[in-house]
Amino acid sequence: MVVPSTDPEDDVEGQVFAVSDAELAMADAYEVDDYARREVTLRSGIRAWVYLERPGNAPTATDDPAHH
């Protein structure tokens, strides 16, 4: 899960995996309502799904998690 930040210098190290629609649906079923899946553009330019802490749960929520 990624916690959004307003600091453009913040980043998250990780790995991008190719998953099927069925695997993505299983991940969605596993995650609780505290998280929301959003598609973001990574610094590499790759578009990827991430699970973000839902607004109201995060200490510093933002609408643009593209830098994470």
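**Salt bridges and strand pairing in a predicted chain**

The count of salt bridges in this chain comes to two. The model is a predicted one, and the description below takes its confidence first, then its fold, and then returns to the two pairs.

The chain has a mean pLDDT of 81, with 81% of its residues at 70 or more. Over residues 58–63 the pLDDT falls below 50, although this stretch still has 14 contacts in the model beyond near neighbours in sequence. Among the secondary-structure elements, helix 1 (residues 21–30) has the highest confidence, with a mean of 92, and strand 1 (residues 35–41) the lowest, with a mean of 89.

The chain contains one helix and two strands, and their order along the sequence is α-β-β. Strand 1 and strand 2 (residues 47–53) run antiparallel and are joined by seven bridges. One of the residue pairings is that of Val40 with Ala48, the latter lying in strand 2. The two strands form a hairpin with five residues between them, and in this hairpin Gly45 takes a positive phi near 95°.

For the chain as a whole, 22% of the 68 residues count as buried. The accessible surface comes to about 5100 Å², and carbon and sulfur atoms account for 50% of that area. Of the contacts with a separation of 6 or more, 56% are between residues 24 or more positions apart.

The salt bridges can now be placed on this framework. Side chains of opposite charge can pair when their charged atoms come close. In one of the two bridges, the side chains of Asp28 and Arg37 meet at 2.7 Å, N to O. Asp28 falls within the residue range of helix 1 and Arg37 within that of strand 1. How exposed are the two partners, in relative accessible area? Asp28 is at 29% and counts as partly exposed; Arg37, at 28%, is also partly exposed.

The other bridge links Glu39 with Arg47, whose closest N and O atoms are 3.8 Å apart. This distance qualifies because the cut-off for a salt bridge is 4 Å. Glu39 has a relative accessibility of 40% and is partly exposed. Arg47, at 46%, is partly exposed as well, because the class of exposed residues begins only over 50%. Arg47 lies within the range given for strand 2, residues 47–53, and Glu39 within the range of strand 1, residues 35–41.

Notes
Residues numbered from 1 in each chain as written. Predicted model: local features only at pLDDT ≥ 70, side-chain atom pairs only at ≥ 80, totals over all residues. Heavy atoms only, no water. pLDDT = per-residue confidence, 0-100. Helix = DSSP H or I, 4+ residues; strand = E, 2+ residues; numbered from the N terminus. Contact = heavy atoms within 4.5 Å. Buried < 20%, exposed > 50% of the residue type's maximum accessible area, 1.4 Å probe, protein only. Areas by Shrake-Rupley, 256 points an atom, 1.4 Å probe, with all protein chains shown as cover. Pairing = 2+ DSSP bridges.
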